[in-house]
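Work through the following exercises with the sequence and the structure open. Each task is followed by a solution in steps.

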2 protein chains.
Amino acid sequence: MGLVVQKYGGSSVADAEGIKRVAKRIVDAKKSGHQVVVVVSAMGDTTDELIDLAQQVSPIPAGREFDMLLTAGERISMALLAMAIKNLGHEAQSFTGSQAGVITDSVHNKARIIDVTPGRIRTALDEGNIAIVAGFQGVSQDKKDITTLGRGGSDTTAVALAAALEAEVCEIYTDVDGVFTADPRVVKKARKIDWISFEDMLELASSGSKVLLHRCVEYARRYNIPIHVRSSFSGLPGTWVSNEPQGNQPMEQAIISGVAHDTSEAKVTVVGVPDKPGEAATIFRAIADAQINIDMVVQNVSAASTGLTDISFTLPKTDGRKAIQALEQAKSAIGFESLRYDDQIAKISLVGAGMKTNPGVTAGFFEALSNAGVNIELISTSEIRISVVTRADDVNEAVRAVHSAFGLDSENDEAVVYGGTGR
Amino acid sequence: MGLVVQKYGGSSVADAEGIKRVAKRIVDAKKSGHQVVVVVSAMGDTTDELIDLAQQVSPIPAGREFDMLLTAGERISMALLAMAIKNLGHEAQSFTGSQAGVITDSVHNKARIIDVTPGRIRTALDEGNIAIVAGFQGVSQDKKDITTLGRGGSDTTAVALAAALEAEVCEIYTDVDGVFTADPRVVKKARKIDWISFEDMLELASSGSKVLLHRCVEYARRYNIPIHVRSSFSGLPGTWVSNEPQGNQPMEQAIISGVAHDTSEAKVTVVGVPDKPGEAATIFRAIADAQINIDMVVQNVSAASTGLTDISFTLPKTDGRKAIQALEQAKSAIGFESLRYDDQIAKISLVGAGMKTNPGVTAGFFEALSNAGVNIELISTSEIRISVVTRADDVNEAVRAVHSAFGLDSENDEAVVYGGTGR
């Protein structure tokens with residue numbers, strides 16, 4: 001038996017009972033003969049409480065100190081988890097990100113992992129311990145300061161450790177049963193996916209699926225570490241994310257993996273842009289200089305009579321104000337007529353590697369939306385994904401229609417608890 | 001201007017308001033031209049809450065993990081304090097005990113400092129920062145594990161850093177105005193002491209005064225670091241503890257520094273011990289083997305008729321059960337008749353280097369107690385201290401009588417807030 005890395009999110013260790021339940025699960029893995037490394041997030045609402053405290057003393061907390069503060073959360077959960085395991089008669093030691101050898105760059109609050117040197121973890125395992133590691137955190141290579149990895153950081157810690165320790169699998173325990181063909185809060189008949197390729201999972205993650213973040217899946221794909229997303233409550237098999245199906249899973253991939261939706265974006269339309277070379281570049285340079293990532297971009301066909309066109313793009317709502325300011329400042333350089341800002345939009349995406357070889361998926365997608373009376377405002381596609389922007393009010397209807405049209409509905413209603421991803 | 005180390009206890013940083021108030025005080029010290037190093041305890045009840053969590057997952061938490069858990073408390077307070085200072089426009093960086101170079105032995109939960117290598121603190125100061133250091137914690141020299149220093153640990157961290165950095169003074173900010181001639185909760189007319197010698201302070205600390213712990217004063221005495229104990233609320237000058245009076249303080253030491261009392265001890269009497277060489281050694285070897293520290297010891301004159309004597313000693317109440325068990329197990333080796341255990345006692349101590357050269361202090365002490373109708377059960381003395389054991393019920397009466405008899409009462413009633421020492 002080899003080494004497994006297990007990651008437990010904040011909702012799984014929200015209180016003492018949760019910690020004891022997780023401890024039992026970990027001990028079971030150890031008893032089955034595995035070496036076990038556990039990555040743990042902060043308990044329940046701890047992080048939010050710490051952020052609230054920070055804002056009480058400083059409206060814009062300094063990055064270095066903010067990281068020092070937030071990492072207290074994992075320190076608490078990991079120590080308690082190690083105690084709970086020892087109380088079950090098994091040896092356990094907890095390690096901070098720094099002690100576990102998670103080396104990052106110096107960008108506080110969203111550091112990138114640049115190396116993992118888990119010498120202390122190896123030693124602890126060789127001595128028979130279960131190793132508990134703080135998720136979400138590392139130490140900067142140059143300054144030796146404590147850093148945090150930003151959103152999805154604990155999942156990334158788990159995958160990075162799994163890669164460095166050459167684990168058999170990285171198990172991500174969460175409060176849902178796995179990755180679903182759509183958000184079960186919206187589509188009651190969404191099905192749990194047994195296996196999904198890294199590529200499809202990456203597209204789902206960029207399209208609004210919140211179970212795994214793009215960054216973590218990308219890391220796993222690069223080092224070819226199978227991820228098993230599963231519930232810490234039910235103990236049932238969840239969703240495997242890997243290059244190839246596992247065990248007795250069907251070798252042939254489904255045509256469509258799932259439908260994702262995202263209501264976190266807004267649409268900016270730059271109206272009346274002169275249709276000449278370089279205009280788009282000027283617009284998106286202004287946006288990029290403001291450190292804003294954009295998603296979809298569409299340029300209308302210009303009206304022959306005026307020689308003017310409109311350019312629309314989507315971006316996170318949280319960056320909306322900054323984008324408008326940046327464009328207003330560049331107005332004379334760009335020469336547009338006006339700006340329109342619309343945050344009542346939704347993005348709906350159909351993802352599946354099978355669409356490469358199955359003509360008609362795009363047509364079926366549009367037909368399903370049309371039959372449901374949903375108007376399409378923007379379209380963008382990749383090789384294995386089609387995304388459209390619709391009115392936010394239409395999103396649930398649209399997702400259900402597409403899910404049903406592509407035969408993804410399950411026989412039974414699934415009963416699942418669905419929540420956030422922790423961090 | 002030189003370097004000052006300031007230490008703030010948990011009650012001074014109990015909430016965001018407290019942290020902001022302390023930040024202002026720290027910035028004032030910096031503005032006055034000092035280099036400032038701040039040692040901070042965990043906020044308010046954080047430590048108790050963490051202990052409670054630990055006990056929910058494990059009745060006897062493992063030492064290593066317990067230390068990992070508890071040190072989260074200082075991590076939170078130090079990061080918040082650094083943020084609050086930066087919010088006032090001054091540079092600040094927080095450091096864990098490990099980052100600050102506090103090297104300890106490997107005895108978890110009560111580690112001893114064996115070296116302080118504050119290279120990162122020096123660098124931070126030289127770059128113009130205020131350095132915020134987590135109290136109460138360090139890193140073990142051999143295993144590089146996180147350790148905690150036990151009771152009074154943050155004060156000890158502050159004094160140890162002051163010594164390593166050759167600070168002018170170590171300021172201990174607390175929720176009282178300084179060291180008093182008696183516990184102001186008992187003696188309304190207790191006076192704040194302006195200056196006290198290390199020696200007298202050591203005796204007061206071992207006799208029940210809780211403002212400074214013996215360990216911290218001993219460290220300061222060894223490295224000759226003046227301590228200034230003062231209130232973080234009032235900003236008034238407090239009590240200087242040092243070898244020599246400071247500034248315009250009177251050069252001549254008071255005859256009596258103060259009256260301390262302690263109700264945390266119990267008395268064990270071993271009844272009917274054969275009065276022959278080696279008996280006491282056998283008794284106290286049994287106690288020492290049980291890892292129990294004893295305080296006072298008195299052996300009665302033996303009764304000529306029986307050749308038997310009684311031996312009484314005092315010890316922390318918390319060790320009472322363990323001591324009785326140890327003695328019962330050694331009963332045949334010792335050969336006593338019975339054991340008596342009494343936890344309704346109090347110890348009252350009069351401390352002052354002046355008693356060395358002023359005859360009559362002992363007589364005056366006993367007279368004061370006698371006039372107050374207080375019965376004396378045990379007596380023990382050092383060169384600069386007299387202690388007696390009385391009934392616990394008599395303790396307040398006894399302390400007030402002695403305080404008054406030695407002219408320590410102030411003209412006015414003092415109005416002070418009096419609390420614990422944090423850690």
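**Exercise 1: a threonine in a strand**

The side chains of Thr269(A) and Ser312(A) are joined by a polar contact of 3.0 Å. The model is a predicted one.

Task: State where Thr269(A) lies, whether Thr269(A) is buried or exposed, and which residues Thr269(A) touches beyond four places in sequence.

Solution.
- Step 1. Thr269(A) belongs to strand S14 of chain A, residues 265-274.
- Step 2. The relative accessible area of Thr269(A) is 6%. The cut-off for buried is under 20%, so Thr269(A) is buried.
- Step 3. Not counting residues up to four places away, Thr269(A) touches Asp310(A), Ile311(A), Ser312(A), Ser338(A), Leu339(A) and Arg340(A). Ser312(A) in this list is also the partner in the 3.0 Å side-chain contact.

**Exercise 2: two residues of strand S12 in chain B**

Task: For Thr239(B) and Ser242(B), find which backbone oxygen each side chain reaches, and list the contacts of each residue.

Solution.
- Step 1. Strand S12 of chain B covers residues 239-242 and includes Thr239(B). Ser242(B) is in S12 of chain B as well.
- Step 2. Thr239(B) is buried at a relative accessible area of 0%, and Ser242(B) is buried at 2%.
- Step 3. A polar atom of the Thr239(B) side chain lies 2.5 Å from the backbone oxygen of Ile193(B). The Ser242(B) side chain reaches the backbone oxygen of Glu244(B) at 2.7 Å.
- Step 4. Apart from neighbours within four places in sequence, the contacts of Thr239(B) include Asp177(B), Gly178(B), Val179(B), Lys192(B), Ile193(B) and Asp194(B). Ile196(B), Ile227(B), His228(B) and Val229(B) are also in contact with Thr239(B).
- Step 5. With the same exclusion, Ser242(B) is in contact with Trp195(B), Ile196(B), Ser197(B), Phe198(B) and Pro226(B).
- Step 6. For a distance check, take Pro59(B), 183 residues from Ser242(B) along the chain: the two C-alpha atoms are 42 Å apart.

**Exercise 3: a helix pair in chain A**

Task: Describe how helices H5 and H7 of chain A are placed relative to each other, and classify the residues in their contact.

Solution.
- Step 1. Two packed helices are described by the angle between their axes and the distance between the axes.
- Step 2. The axes of H5 (residues 153-164) and H7 (residues 214-223) of chain A come within 8 Å and cross at roughly 10°.
- Step 3. H5(A) is therefore roughly parallel to H7(A).
- Step 4. H5(A) contributes Asp155(A), Thr156(A), Val159(A), Ala160(A) and Ala163(A) to the contact. H7(A) contributes Arg215(A), Cys216(A), Tyr219(A), Ala220(A) and Tyr223(A).
- Step 5. Sorted by class, the contact of H5(A) with H7(A) has 7 nonpolar, 1 polar and 2 charged residues.

**Exercise 4: positive phi values**

Task: Locate Phe136(A) and Asn224(A), and give phi for Phe136(A) and Asn224(A).

Solution.
- Step 1. Most residues other than glycine have a negative phi.
- Step 2. Phe136(A) has a positive phi, near 75°, and sits in the loop between strand S6 (130-134) and strand S7 (137-140) of chain A. Phe136(A) is buried, with a relative accessible area of 5%.
- Step 3. Asn224(A) has a positive phi near 55° and is in the loop between H7 and strand S11 (227-231) of chain A. At 44% relative accessibility, Asn224(A) is partly exposed.
- Step 4. For a glycine, look just after H12(A): Gly407(A) takes a positive phi of about 65°.

**Exercise 5: the buried side of helix H12 in chain A**

Task: Which residues of H12(A) are buried, and what do they pack against?

Solution.
- Step 1. H12 of chain A runs over residues 395-405, and its buried residues are Val395(A), Ala398(A), Val399(A), Ala401(A), Val402(A) and His403(A).
- Step 2. These buried residues pack against strand S13 (258-262), strand S18 (345-351), helix H11 (361-371) and strand S20 (385-391) of chain A.

**Exercise 6: nonpolar packing**

Task: How many residues does the largest nonpolar core have, and which residues does Leu81(B) touch?

Solution.
- Step 1. The largest nonpolar core has 82 residues, and those with the most contacts inside it are Leu80(A), Leu81(A), Leu80(B) and Leu81(B).
- Step 2. Beyond four places in sequence, Leu81(B) touches Ile19(B), Val22(B), Ala23(B), Ile26(B), Val38(B), Val40(B) and Ile132(B).

Key
Residues numbered from 1 in each chain as written. Chains lettered and ligands numbered in written order. Predicted model: local features only at pLDDT ≥ 70, side-chain atom pairs only at ≥ 80, totals over all residues. Heavy atoms only, no water. Helix = DSSP H or I, 4+ residues; strand = E, 2+ residues; numbered from the N terminus. Buried < 20%, exposed > 50% of the residue type's maximum accessible area, 1.4 Å probe, protein only. Polar contact = N/O pair within 3.5 Å; in protein donor to acceptor, adjacent residues only side chain to side chain. Contact = heavy atoms within 4.5 Å. Core = buried A, V, L, I, M, F, W, Y, C linked by side-chain atoms within 4.5 Å. Axes fitted to C-alpha atoms, helices over the stretch in contact; angles between N-to-C directions. Parallel < 35°, antiparallel > 145°, perpendicular 65-115°, else oblique. Nonpolar A, V, L, I, M, F, W, Y, C, P; charged D, E, K, R; others polar.
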